[in-house]
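Please look through the sequence and the model shown here before reading on. The paragraphs that follow begin at one strand and work outwards from there.

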Amino acid sequence: QVPPGIAVTVTRNDGKTANDAVNELVFHLIVSIIVVIVLLYFTLGWREAAIVALAIPLTLFITLAVGMLAGQTINRITLFALILSLGLLVDDAIVVVENIHRHYQLQQHSRLQGAINAVNEIGMPTILATFTVVLAFIPMAFVTGMMGPYMRPIPFNVPVAMITSLFVAFIVTPWASYRLMRGEHHGDHSVPLEETKSYRIYRRILAPLLEDGRKRRVFMGVVLAVFLVTMAFPLVQWVKFRMLPKANKNTFLVSIDMPAGTALETTDRAARAVGNYLRRLPELKDYETYVGTGSVIDFNGLLRGGAFREQSHFADIRVNLVSKEERKRKSEEIVLAIRPEIAKIAAEQGANIKLVEDPPGPPVRATVVAEIYGPDYAKQRQIADDIRALFARTDQVVDIDDSVKESQEKYQLVVDKEKAARAGISTEQIVQTLRMSVSGMAVSTLHVPSAKNPVGIFLRLPKGGRSGLSDLDRVYVAGPQGNQVPLSALVTAEPSETDKAVYHKNLE
């Protein structure tokens, strides 16, 4: 039903994002099941592999059901918790299956009694190991601040998955083992342990380290050297440490800040210059420009104040990339590659342009933030300028911004009451005339038969006639005798500066 000539572009689709995340979880779930089946097939047999593989989806389904009853939603962190649990929840089932398999090979009891003895034998250690993992995640539930609610699905879902896997391992796995597994001997299990190939290889490697002191010391020295080299990775930047890895997103935001008071047309010119450069990106799908208003608010914009960018000197460009399966470069690499050219455009246009990527975790205002507190706001602004200059000299620090905005001239028009009284003009007349000239005013209504409501008649000077104080000479106020008095003769302009915002945090 969209009229012809109007193009429709989907700039954000949270439903598709959630669907892709769920599909990725299902993919990893299938991969994990295949890996477990293959591993157990070559070590125990296909029946044992199938029994353990059964525990994975069963545990996840129960975990999701408990989460639904508790009011949990399927989001990125919930899915991360489930994927994290995949490597843990098969442990209990593997331990139970392995021990039942061992008892069946010994053939000392009936199959039913062998399964019971096997579970009883490893029951308490398995319970203790499971609850050790559960207790390791519970403290995360008491994290405060923004990270608390954000990470809370992890201390909920991981313990639930682990406890569920314990019940599945003690209830479903023994039953399935009793029904599916057989007691016959397989391959090497009919041969004494000391004569198996794996035992001989293991002994050939380990025995010298236990019996020869010199070899043992060399081995420990090599382990220590490898440990020290590994610890040095962050120093030489072979490994970059991050709290959360950068996600390969299909979108990023270009935020443009012009000097306060910049006309909308000038801001639009800067946005078009950035857009013309972005067109050349081979990975670009489309982009949307928002001039004088903020872009569609997203998770990152909630903290950065994207909803408050409603002035003529602000602009946003939402850049959408082709799907990550269709491009070689990650979104982070693309942003790093275009940053130098964007910096050149910013210098040419006199703008502060920032490249804002969607964070992998809770949004933050910036990677590095300096907060300045004090009773003297002028001194605070001076210190802010010094710190900004320090940031600018710091290597690899980009997109520097501060909350201190540029000084903006303001003129206070004071009515000369004596002149106004001699001309027979009231202060109210002067104020209304000035307001109508600059801001505009509805002076009457027009009754149109086809219109449901009266149409307002809005009166205001054109933009070229209200751009400076000299335009007051062309605005006249009518006196009681019909005399026309220029507005500039009745008011005096007193220059000053607009008030600057005072920011508070924690009531300071």
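A good place to begin is strand β3, where eight of the eight residues are buried, so the strand is largely enclosed by the rest of the structure. The coordinates come from a predicted model, and the burial is therefore a property computed from that prediction, with buried meaning under 20% relative accessible area. In a regular strand the side chains alternate between the two faces of the sheet. For β3, one set of side chains, those of Phe314, Asp316, Arg318 and Asn320, points one way, while Ala315, Ile317, Val319 and Leu321 point the other way, and all of these residues are buried.

What surrounds this strand becomes clearer from the sheet to which it belongs. Four strands, in the order β2-β3-β1-β4, make up an open sheet with antiparallel pairing. Its edges are formed by β2 (284–291) and β4 (352–357), each of which pairs on one side only, and from one strand to the next the twist averages 15°. Strands of a sheet pair through backbone hydrogen bonds, either parallel or antiparallel.

On one side of β3 runs β1 (residues 251–257), antiparallel to it and joined to it by seven bridges. Within this pairing, Ser255 has Asp316 of β3 as its bridge partner, and Thr251 stands opposite Asn320 in β3. Strand β2 is likewise joined to β3 by seven bridges, and these two strands also run antiparallel; here the bridge partner of Glu288 in β3 is Arg318.

Which helix packs on the sheet, and which strands does it touch? Helix α11 (residues 331–349) does so, touching β1, β3 and β4, and its direction makes about 175° with that of β4.

The nonpolar cores give a second view of how the chain is organised. The largest of them has 31 residues, and those with the most contacts inside it are Val52, Ile56, Leu60 and Ile100. At least two residues of this core are supplied by each of the helices α1 (14–43), α2 (46–69), α3 (76–106), α4 (111–137) and α6 (153–180), with α3 giving the largest share, ten residues. Leaving out residues up to four places away in sequence, Ile100 touches Ala115, Ala118, Val119, Pro174, Ser177 and Met181. Apart from this core lies another, of 24 residues, among them Ala315, Val319, Ile338 and Ile342. Two of these names have already been met, since Ala315 and Val319 belong to the set of β3 side chains that point the other way from Phe314.

Next come the aromatic rings. A pair of aromatic rings is described by the distance of the centres and the angle of the planes. Two aromatic pairs are counted in the model. The rings of Tyr41 and Phe42 have centres 5.2 Å apart and planes at 80°, and because planes over 60 degrees apart count as edge-to-face, this pair is edge-to-face. Tyr41 is partly exposed, with a relative accessible area of 46%, whereas Phe42, at 66%, counts as exposed. In the other pair, Phe233 and Trp238 have ring centres 5.3 Å apart and planes at 65°, so the pair is edge-to-face; Phe233 is partly exposed at 26% relative accessibility, and Trp238 is exposed at 63%.

Some residues in loops also deserve attention. Gly294, in the loop between β2 and α10, counts as buried at 12% relative accessibility. Gly294 and Ala307 are 13 residues apart in sequence, yet their C-alpha atoms are 5.8 Å apart in space. Leaving aside neighbours within four places in sequence, Gly294 is in contact with Gly306, Arg309, Glu310 and Asp316, and Asp316 is the β3 residue that is the bridge partner of Ser255.

Most residues other than glycine have a negative phi. Gln396, which is not a glycine, has a positive phi of about 65°, and Asp399 has a positive value near 50°. Gln396 is placed in the loop between α12 (377–393) and β5 (409–415), and Asp399 lies in the loop between α12 and β5 as well. Gln396 counts as exposed at 74% relative accessibility, while Asp399 is partly exposed at 27%.

Finally, how far the prediction can be relied on is a matter of its confidence values. The mean pLDDT of the chain is 86, and 98% of its residues reach 70 or more. Among the elements, helix α9 (residues 264–278) has the highest mean, 95, and helix α10 (residues 299–304) the lowest, 77. Over residues 185–189 pLDDT stays under 50, and for this stretch the model has nine contacts beyond four places in sequence.

Terms used
Residues numbered from 1 in each chain as written. Heavy atoms only, no water. pLDDT = per-residue confidence, 0-100. Contact = heavy atoms within 4.5 Å. Pairing = 2+ DSSP bridges. Axes fitted to C-alpha atoms, helices over the stretch in contact; angles between N-to-C directions. Buried < 20%, exposed > 50% of the residue type's maximum accessible area, 1.4 Å probe, protein only. Core = buried A, V, L, I, M, F, W, Y, C linked by side-chain atoms within 4.5 Å. Phe/Tyr/Trp six-rings, centres within 6.5 Å; stacked < 30°, edge-to-face > 60°.
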